[in-house]
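User: Could you take a close look at one strand and its partners for me, and put that part in the setting of the whole chain? An informal walk-through is fine.

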Amino acid sequence: MPLDPQAKALLDEFAAAGAPPPWEVPLADLRAGFDELSAALAAPAPEVARVDDRTVPGPHGDVPVRIYWPDSDGGGALPVLVHFHGGGLVLLGLDAYDPICKMLCAGAGCIVVGVGYRKAPENKFPKAADDSWAATRWVAENCAELGGDACRIAVAGDSAGGGLAAGVAHRAKAAGGPALAFQLLVYPLTDFAGDTDSYRTFGEDHLITAEMMNWYAACYLNDEEEEDDPLASPLRFTDFAGLPPAYILTAGCDPLHDEGVAYAEKLREAGVPVQHRDYPDQIHVFWSFGARIDAAAGAHAEACAALRRAFGTE
């Protein structure tokens, strides 16, 4: 299927700009540039009732979190969504994902806890995964203080954040809790090997390239053998039974497409309820580029509806 015209126009603009590859840019400049780009291309954020920045304890030190509360009629405890941002485990953060977290908060009517996990290359594997797990446990332990319902906690993330969310779901199952109600995985990074047809087909000229993904892996992992660690590549877990129900979104013109599909199939084969929604004419990151790609609004609405169904609030 041909690219969505709006996605193609954006790719053409990026190609014409001729930016150097990320590994040739000083890291501070690279991060600032990606933050600016994200702000420019994000859809306007809806209003929420309250936003609070905090830190929570983790095994490698305190972890920043940003907590969002929706407008509520005061009718009881609210569901909670723990959100992990994308950016290849190297870029972006709480500020860049503020519009997405507000969209999820308002659209799903839930408390959202955005997690500012440690980034590579300063913080190698498994620090991002450990921070994500620690933040999720903190949410479960402090739900009442937040006004949340400990029986309705979900995890979510896109790209690298989707991989972190998937890893948290596996850790929660192995630890016997917290019991998670749902997982929302948006074109998740589930296998650092990158050995798929979608990598071979869309690994160049589609914004996120195979070479860029290899660079992210080199930044995050201590050595190539860690590609096989399920906390880095959740597709390598061997037991998928008993995981929470999932909504998995994939983009058809994305190097990560096939590993997202494979993850949905693993869950389904294990008897986990899965809704897989593919956007065949879309590129990686379209979810975050709602100011330029109209399909993002529909993807947001469908994901929020899936969350409301999972939370029993639709």
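**Strand β2 and its surroundings**

The chain carries 22 positive and 46 negative side chains, with the centres of the two sets 5 Å apart.

Analyst: Happy to. Keep in mind that this is a predicted model. To set the scene, the chain has 10 helices and eight strands. Its radius of gyration is 18 Å, close to the 20 Å from the globule rule for 314 residues, so the chain is as compact as a globular protein of that length. Along the principal axes, the C-alpha atoms fill a box of roughly 50 × 40 × 40 Å. Of the 314 residues, 54% are buried.

Now to β2, which covers residues 63-69. Six of its seven residues are buried, so the strand is largely enclosed by the rest of the structure; buried here means under 20% relative accessible area. What does β2 pair with? One partner is β1, residues 50-56, which runs antiparallel to β2 over seven bridges. Within that pairing, R50 has W69 as its bridge partner. The two strands form a hairpin with six residues between them, and G61 there takes a positive phi near 120°.

Another partner of β2 is β4, residues 111-115, again in the antiparallel sense, with four bridges joining the two. On this side, Y68 of β2 is matched with V112 in β4. So much for β2 itself.

For a second strand to set beside it, try β6, residues 182-186. Five of its five residues are buried, so β6 too is largely enclosed by the rest of the structure. The side chains split by direction: F182, L184 and V186 point one way, while Q183 and L185 point the other way, and all are buried. The pairing sense here is parallel, with five bridges joining β6 to β5, residues 148-158. Opposite L184 of β6 stands A156.

Finally, a helix residue. H257 lies in α9, residues 257-269, and is buried with a relative accessible area of 15%. Leaving out residues up to four places away in sequence, H257 touches S198, T250, A251, G252 and D278. H257 and G148 are 109 residues apart in sequence and 34 Å apart in space, C-alpha to C-alpha.

Back at the level of the chain, residues 24 or more positions apart account for 78% of the contacts with a separation of 6 or more. The accessible surface comes to about 12,500 Å², and carbon and sulfur atoms supply 51% of it.

How values were computed: Residues are numbered from 1 along each chain as its sequence is written. This is a predicted model: local features need pLDDT of at least 70, side-chain atom pairs count only at pLDDT 80 or more; totals for chains, interfaces and linings use all residues. Side-chain values use heavy atoms; hydrogens and water are left out. The radius of gyration is taken over C-alpha atoms; the globule rule is 2.2 Å times the number of residues to the power 0.38. Buried means under 20% relative accessible area, exposed over 50%, partly exposed in between (1.4 Å probe, protein chains only). Contact means heavy atoms within 4.5 Å. Accessible areas come from the Shrake-Rupley method with a 1.4 Å probe; for residues, only the protein chains shown count as cover. Lys and Arg count as positive and Asp and Glu as negative; His and the chain ends are not counted. The place of a charge is taken as NZ of Lys, CZ of Arg, CG of Asp or CD of Glu. Two strands pair if DSSP finds at least two bridges between them.
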